[in-house]
Amino acid sequence: MADTSIVEKIKKLLALATSSNENESTAAAEKASVLLAQYNLSLADLGPNHQEEIDENSVETTSKFVTWKMMLLSGIAEANGCNAMRNTYTGNMFLVGSSTNLIVCKHLYEYLSSAIEKRAKYRKGNGRGLAYLNAFRVGCATRLRQRLLEQKQEMETSGIPGEGNAAATPGIVVRSMFEKNQQAIGDYLESRGVKIKTRTDSQVSSEAGFNSGYEVGDKISLHKQVQPPEDMKQLNECV
């Protein structure tokens, strides 16, 4: 398990996502994922004996497949070194990954899914029915997922800039971290005989709703600095 003090630091930073300040709250997604990447890298530097065990964590249970929720959860998971799945028999949406990654992904999902719902509720009425609102949610989740994965790709290509006393991390090290995570997750799933079926259908019945949601998702501010340098230093020291 991850050090509880580290987990608490991450949770406090993620709490910024609930700020009443729109600029602060909408920046939460990429802020948290960059912090998680920096933490994982510092953990990986300690060697294979210090890698966290792979585990799974339930996120939500739905009676049917909800496209926008799985789309959002899969984007958050991929951007943070986890896998997102749904059990077709129980309806359980869950994550597979290291303990710290699981915590961060779950908090991000709770914040972002709530943010989408609030924006959808704001648009309810004025002739906008269920089809429009569902398409709006899909559009918003689509753009959020794209931006999370764009950030991941940027980190893998350019690395993570140094911050305060923390040295810059080359892109090759970032890629290695994600590859190790996926290998460990693959081994975990294989050992448990998990059968994976990819679902790709994501049709929407309101183009106007999807486009509106996509625009809202695009307006979410994505920054790469969530904590002051001294917080990052303390985080590295705890690791």
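**View 1. The crossing of helix H6 with helix H8 in the predicted model.** The axes of helix H6 (residues 130-158) and helix H8 (residues 207-218) come within 6 Å and cross at roughly 35°, where axes are lines fitted to C-alpha atoms over the stretch in contact and angles run from 0 to 180 degrees between N-to-C directions. H6 passes H8 in a right-handed crossing, a term for a near helix turned clockwise from the far one by less than a right angle. On the H6 side the contact (heavy atoms within 4.5 Å) includes Tyr132, Phe136, Cys140, Arg143 and Arg147, and on the H8 side the residues met include Ala208, Phe210, Tyr214, Val216 and Asp218. The residues of this contact divide into 10 nonpolar, 7 polar and 3 charged, with Ala, Val, Leu, Ile, Met, Phe, Trp, Tyr, Cys and Pro counted as nonpolar, Asp, Glu, Lys and Arg as charged, and the others, Gly among them, as polar.

**View 2. Lys152 and its surroundings in helix H6.** Lys152 is buried, with a relative accessible area of 13%, the limit for buried being under 20% with a 1.4 Å probe and protein chains only. Apart from neighbours within four places in sequence, Lys152 is in contact with Glu78, Ala79 and Phe178.

**View 3. The largest pocket and its lining.** The largest pocket has a volume of about 1,200 Å³, taken as the space filled by probe spheres set on the grid points; a pocket is an open set of points on a 1 Å grid where a 1.4 Å probe fits, with protein on both sides within 12 Å along at least five of seven lines, and lining residues have an atom within 4 Å of a point. Of the 33 lining residues, the closest to the centre are Met70, Ala84, Met85, Lys197 and Thr198. Helix H4 (67-79), strand E2 (83-86), H6 and helix H7 (171-191) each give two or more residues to the lining, and the largest share, 6 residues, comes from H4. The lining divides into 13 nonpolar, 11 polar and 9 charged residues.

**View 4. The elements of the chain.** The chain holds 9 helices and 3 strands, which are DSSP runs of at least four residues (H or I) and at least two (E) respectively, numbered from the N terminus. Buried residues make up 49% of the 239 residues.

Residues are numbered from 1 along each chain as its sequence is written, and side-chain values use heavy atoms, with hydrogens and water left out. In this predicted model, local features need pLDDT of at least 70 and side-chain atom pairs count only at pLDDT 80 or more, whereas totals for chains, interfaces and linings use all residues.

Methods
Buried means under 20% relative accessible area, exposed over 50%, partly exposed in between (1.4 Å probe, protein chains only).
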